[in-house]
Amino acid sequence: MADKVLMKGNEAIAEAAIRAGCRHYFGYPITPQTEIAAYMAKRMPKIGGVFLQAESEIAAINMVYGVAAAGLRVMTSSSSPGISLKSEGLSYLAGADLPSLVVNVQRGGPGLGGIQPSQSDYFQATKGGGHGDFRMIVLAPSSVQEMAELTVKGFALADTYRMTAMILADGTMGQMMEPVALDDLPVTPMPEKPWAVTGTGMKRPHNVVNSLFLSPEKLEETNFERYDRYRVIEEKETMYEEYRMEDAEICIAAFGIAARVSKNAIDEARAMGIKVGMIRPITLWPFPKAPFRRAAEQVKEVISVELSMGQMIEDVRLATECRVPVTLCNRVGGMIPSPEQVLDAILKAAKNGGKEA
Amino acid sequence: MSTTKFLFSGFGGQGILFVGKLMAYKGLTEDKQVSWLPSYGPEMRGGTASCSVIVSDTPVGSPIVSNPDVLVAMNLPSLDRFESAVVPGGVIFADSSLIARDIERTDVRLVKIPATQMASDNGTPTLANMILLGKILKELGQFDVEKVEAALKKVISAKRADMLEVNLKAMQLGADYEA
């Protein structure tokens, strides 16, 4: 067994990024993700990397654009209000087909909101990262180990598909410490990037990185091409975990910290003889539709446990094609559902037999 | 198979997060599943700091401890706030130098130790947390000097190896304390 160390989720992301070959970090401090920047500030100068605290979130994301265009692994991190500021840059990165890793350690919103954990940027991450037709690969870690693993994975996916991969965590995942094994992270070497703007050496034509296409025909073509790539991602890169689903009659849908809380409730309900399981999406985009489609044939109710007013629930309803009732169990504003609250929802579903109350 | 849920709470600066981390590391060195989650927020400056620690034989679900088996209260506001949350049959450790009152609950056990006073008398006023931790481990039947030292080595950097001895002594002081 690899040697394990105790690390905060935020620190695990930073260390994993360095191990993945990221040598450029640009950011602007905001709770609850500042440990990422602090870790980078300490480590990058020692390994010949760049840590730069930008004058704003907008500056940071545009610095990411610059390094990504030069073909290097690069990242930024922020929390909810800061990600909103970055959304223009996220759209430009998509328009220019540039790979990058962006971390959102979510806090309660909207507006300046609060600093406690939240999952209310689900829509923003999976559907509305900025203007225009584009997607980001959205990865939702549920442990500190996954914070590290999905960071490494995120860089690889970003490079493979020339797009932004986003780690969508929350304040709890960022602040908590758990044992993490860093030695066996599945780091992949960076692929060739013949499109990068690295100087022609007078040996090849200029590469151009740009998101402006004034010809509608050409712009349409880039959109079509991008969505062809997205279809490949949906086929090949969807990730999820099933927990005690074999004989489940009730299904919990939850990711990140909500999945951790739900596990406690599921184990308690199982001890009471209630057949309940969980589907935990690890990629929020692409959303794991297949396991939910299967669940719709098997269970009498799906309960979506979220730290939002009900955002992922829409994807759960689409995936189950409304064949079973899908109900919401939630807290918001920085509050976290307790295992007891989730257990109550399970008990209610068991009693109502799938009829919406 | 067992799971112990700890809640450490006190003033910011008393080393609450540190002892929580040490407890988690001790679990880790014993191949247990562990988690550590601090309260974070504006209340930390000069206010109450707390952290949830879970040490378990099975994977940890929620890292949030709402109902601790063991409450460690290093100041009165912590006891006032969390006394009612302790599970029946649980234990409350209180720094009696700073907490004058006893507990109101009759279904939990109270262990009092004047850790802050003892730390001051020992010439190490910043190590009340370690004295308390020594007592906690002793009461839980987990005060094994070798294991404690192994955990300490994980938390204290090699550059500050001189601190190891001092911390161990403070813990021993706590472990040896009898009311």
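**Exercise 1. State whether A319(A) is buried or exposed, and describe its surroundings.**

Solution. A319(A) has 23 C-beta neighbours inside 10 Å, so A319(A) counts as buried. The cut-off for a buried residue is 20 or more other C-beta atoms within that distance. The model used here and below is predicted.

Next, place the residue: A319(A) lies in helix α11, residues 312–320 of chain A. Then list its contacts. Leaving aside residues up to four places away in sequence, A319(A) touches F287(A), K289(A), F292(A) and R293(A). For F292(A), the separation from A319(A) is 27 residues in sequence but 5.8 Å in space, C-alpha to C-alpha.

**Exercise 2. Determine whether C322(A) and D31(B) are buried or exposed, and say what is unusual about the backbone of each.**

Solution. Start with the general expectation: most residues other than glycine have a negative phi. C322(A) is not a glycine, yet its phi is positive, about 55 degrees. C322(A) sits in the loop between α11 and β14 (326–330) of chain A. It is exposed, because 11 other C-beta atoms lie within 10 Å.

D31(B) is likewise not a glycine and has a positive phi of about 60 degrees. The loop that holds D31(B) runs between α1 and β2 (33–38) of chain B. With 10 C-beta neighbours inside 10 Å, D31(B) is therefore exposed.

**Exercise 3. Locate the cis peptide bonds before P110(A) and P286(A).**

Solution. Most peptide bonds are trans. The bond joining G109(A) and P110(A) is cis, with omega about 0 degrees. P110(A) belongs to the loop between β5 (100–106) and α5 (122–126) of chain A.

A cis bond also joins W285(A) and P286(A), again with omega about 0 degrees. P286(A) is in the loop between β12 (283–285) and α10 (289–298) of chain A.

**Exercise 4. Describe how α1(A) packs against α2(A), and how α1(B) packs against α5(B).**

Solution. Two packed helices are described by the angle between their axes and the distance between the axes. In chain A, the axes of α1 (residues 9–19) and α2 (residues 34–43) come within 8 Å and cross at roughly 40 degrees. The two helices are therefore oblique to each other. The crossing of α1(A) and α2(A) is right-handed. On the α1(A) side the contact is made by N10(A), E11(A), I13(A), A14(A), E15(A) and I18(A), and on the α2(A) side by E35(A), I36(A), Y39(A), M40(A) and R43(A). By type, these residues are six nonpolar, one polar and four charged.

In chain B, the axes of α1 (residues 16–29) and α5 (residues 145–155) come within 8 Å and cross at roughly 115 degrees. The crossing of α1(B) and α5(B) is right-handed. From α1(B), K21(B), L22(B), Y25(B), K26(B) and T29(B) meet α5(B) residues that include V148(B), A151(B) and L152(B). The contact residues divide into seven nonpolar, one polar and four charged.

**Exercise 5. Characterise the overall form of chain A and its side of the contact with chain B.**

Solution. Chain A has twelve helices and 14 strands. For 357 residues, a compact globule would have a radius of gyration near 21 Å; chain A has 21 Å, which agrees. Buried residues are 52% of the 357.

Now take the contact between the chains, with 18 residues from chain A and 16 residues from chain B. On the chain A side, β1 (4–8), α7 (171–175), β8 (177–181) and α9 (256–271) each give two or more residues. The largest share, four residues, is from α9(A). Sorted by type, the chain A side has nine nonpolar, five polar and four charged residues.

Key
Residues are numbered from 1 along each chain as its sequence is written. Chains are lettered from A and ligands numbered from 1 in the order in which they are written. This is a predicted model: local features need pLDDT of at least 70, side-chain atom pairs count only at pLDDT 80 or more; totals for chains, interfaces and linings use all residues. Axes are lines fitted to C-alpha atoms, for helices over the stretch in contact, and angles run from 0 to 180 degrees between N-to-C directions. Angles under 35 degrees count as roughly parallel, over 145 as roughly antiparallel, 65 to 115 as roughly perpendicular and the rest as oblique. A crossing is left-handed if the near helix is turned anticlockwise from the far one by less than a right angle, and right-handed if clockwise. Two residues are in contact if their C-beta atoms, placed from the backbone, lie within 7 Å. Ala, Val, Leu, Ile, Met, Phe, Trp, Tyr, Cys and Pro count as nonpolar, Asp, Glu, Lys and Arg as charged, and the others, Gly among them, as polar. The radius of gyration is taken over C-alpha atoms; the globule rule is 2.2 Å times the number of residues to the power 0.38. A residue is buried if 20 or more other C-beta atoms lie within 10 Å of its own, exposed if 12 or fewer, and partly exposed in between; C-beta atoms are placed from the backbone.
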